[in-house]
Amino acid sequence: MLFSSIPFLFYFLPLVLICYFILPFRLKNGVLLLFSLVFYFYGEPVYTLLMLGSTLSAYIHGLLIDKYRGTKLQKVFLWSSVSISLLALGFFKYADFFIGNINELTGSNIPLLKLALPIGISFYTFQTLSYTIDVYRGDATPQRSYVRLATYVTLFPQLIAGPIVRYTTVEEELSKRQHSFENFAEGIRRFAVGLGKKVLLADVLGAMAQALHASPDPSVAGFWLYAAAASLQLYFDFSGYSDMAIGLGRIFGFHFLENFNYPFISKSVAEFWRRWHISLGSWFRDYVYIPLGGNRVSTAKWLRNILFVWFLTGFWHGADWTFIIWGLYFAAFLVLEKFWYNRVFIHLPKVFSHLYVTLVILVSFVIFSANGVGGMIADLKGMFFLDGLPLWTGATGYYLRSYSAPLIFGLLGATPLVKMAVERLREMGKCGLVVDLLEPVFLVAILLIATAYFVDGSFSPFLYFRF
């Protein structure tokens, strides 16, 4: 079930809200668990059991790790939990990738399993992993209630496309959380903004990217415009979903952490990754990079750590060599910045730093969005004058004119300028009053326009569903 759909907005969500708020607190987690399972079952009937099994494994292992704390069995149960989680993820997400590569290398003909990818398995696997690891480290108290732990794992706002919510973030709120009109109103506002990002920007920019990529009259400029549209589409798609998840969480009394912080204003690749998909970057930092020694090791080991973490970061996104290349691509620039940032980059005017990061990011998302390694090479050749294409064609101008409005709004929306302007107006007496009065009108307009898109069928699933 999609957040950006009529069944969710006009049937599922109202029913959840009614049941949730009329029942006493002791039943609220049960309501969220039941509706979250219905939400997942709607799209993945069979794999609902896999998710519940993964949760049960984390629940049992958490209790065993705590029971045998201080003994050798504590570590045995940790590795048992980690192994079960990773084996499930590896089997369902990567089996055909490995079989296909073995066939390619050896000339064998092992049949592919052709398993459907369980929606959200990458997200809820990382949540169960972080839970048992935090219990092992003593950072989290083992949850004695399976219902509460299952509510955390299956919570529908963040279940199928993140952000990756850690147990320690919501541990207290699973047992005791505050509900208020302010939280409800802020949740609705945040959800509506995210819905607008998805439907009014991401989907339209996605149509622009698709049109440019399939143009019968391609050009070098067209490929760069495609790169810009695809990058903005991915940003508004995923940050929009994160906004909706955070907003829904707030309605139900949960405070999820931010997942994006205007990444396109970054002045370095390292800063970009502190602002982009924050929950994923911090997860790999805390559970892989730092345990390997982080940057407090020799240069050789640090290079190993960087390459390993970014190999995993790319591979986490999908079972294709393009994702691995994408991860290692970022690793290369992070290494470059490590040794050259203080000597070169820090002394550059800000405009050059932003230009450098923008170019790196645009190329990165062309790699990310490519249809296999062959498609990636073709796209990059088109961008860098290696395919004999003209700089500009009439088709490029046509698509630029046709999509100029969403492209301009997308570029503005990817910066904090709009937010800063609204905040400045709020501080200006009568202007602030006008802003407060217009805000609900603006949010209702988003809902109405989005509904019109749903009825027309002019919307697409969230890109991160496939991860």
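In which helix does Ser364 lie? The legends below take up this residue and several others in what is a predicted model.

**View 1. Ser364 and the residues that touch it.** Ser364 lies in helix H14, a helix that covers residues 350-369. With a relative accessible area of 0%, Ser364 is buried, because buried means under 20% relative accessible area. When residues up to four places away in sequence are not counted, Ser364 touches Trp326, Tyr329 and Phe330.

**View 2. Partly exposed residues of helix H14.** Phe352 lies in helix H14, and the place of Leu355 is in helix H14 too. Phe352 has a relative accessibility of 47% and therefore counts as partly exposed, and Leu355, at 47% relative accessibility, likewise counts as partly exposed. In general, an α-helix has 3.6 residues a turn, so residues three or four places apart point the same way. Seen against another part of the chain, Leu355 and Ala140 are 215 residues apart in sequence, and their C-alpha atoms are 42 Å apart in space.

**View 3. A nonpolar patch on the surface.** Leu336, Phe339, Trp340, Val344, Leu348, Val351, Phe352, Leu355 and Leu359 make a nonpolar surface patch of about 790 Å². Two elements, helix H13 (321-340) and H14, give two or more residues to this nonpolar patch. Of the contributions to the nonpolar patch, that of H14 is the most, with four residues.

**View 4. Ser215 in the loop between two helices.** Ser215 lies in the loop that runs between helix H8 (181-213) and helix H9 (220-251). Is this loop residue buried or exposed? Ser215 has a relative accessible area of 12% and is therefore buried, since the cut-off for buried is under 20%. Leaving aside residues up to four places away in sequence, Ser215 touches Ala395 and Tyr399.

**View 5. Helix H3 and the helices that cover its buried residues.** Helix H3 is formed by residues 47-67, and because its 21 residues, at 1.5 Å a residue, should span 30 Å, the 30 Å between its end C-alpha atoms agrees with what is expected. Which residues of H3 are buried? They are Tyr47, Thr48, Leu50, Met51, Ser54, Thr55, Ser57, Ala58, Tyr59, His61, Gly62 and Ile65. The cover over these buried residues of H3 includes helix H2 (25-43), helix H4 (72-106), helix H5 (121-137) and helix H6 (146-154).

Methods: Residues are numbered from 1 along each chain as its sequence is written. This is a predicted model: local features need pLDDT of at least 70, side-chain atom pairs count only at pLDDT 80 or more; totals for chains, interfaces and linings use all residues. Side-chain values use heavy atoms; hydrogens and water are left out. Buried means under 20% relative accessible area, exposed over 50%, partly exposed in between (1.4 Å probe, protein chains only). Contact means heavy atoms within 4.5 Å. Patches are made of residues with over 30% relative accessible area and no salt bridge: like charges are joined within 9 Å, nonpolar side chains (Val, Leu, Ile, Met, Phe, Trp, Tyr) within 5 Å. Accessible areas come from the Shrake-Rupley method with a 1.4 Å probe; for residues, only the protein chains shown count as cover. A salt bridge is a side-chain nitrogen of Lys or Arg within 4 Å of a carboxyl oxygen of Asp or Glu. The expected span of a helix is 1.5 Å times one less than its number of residues.
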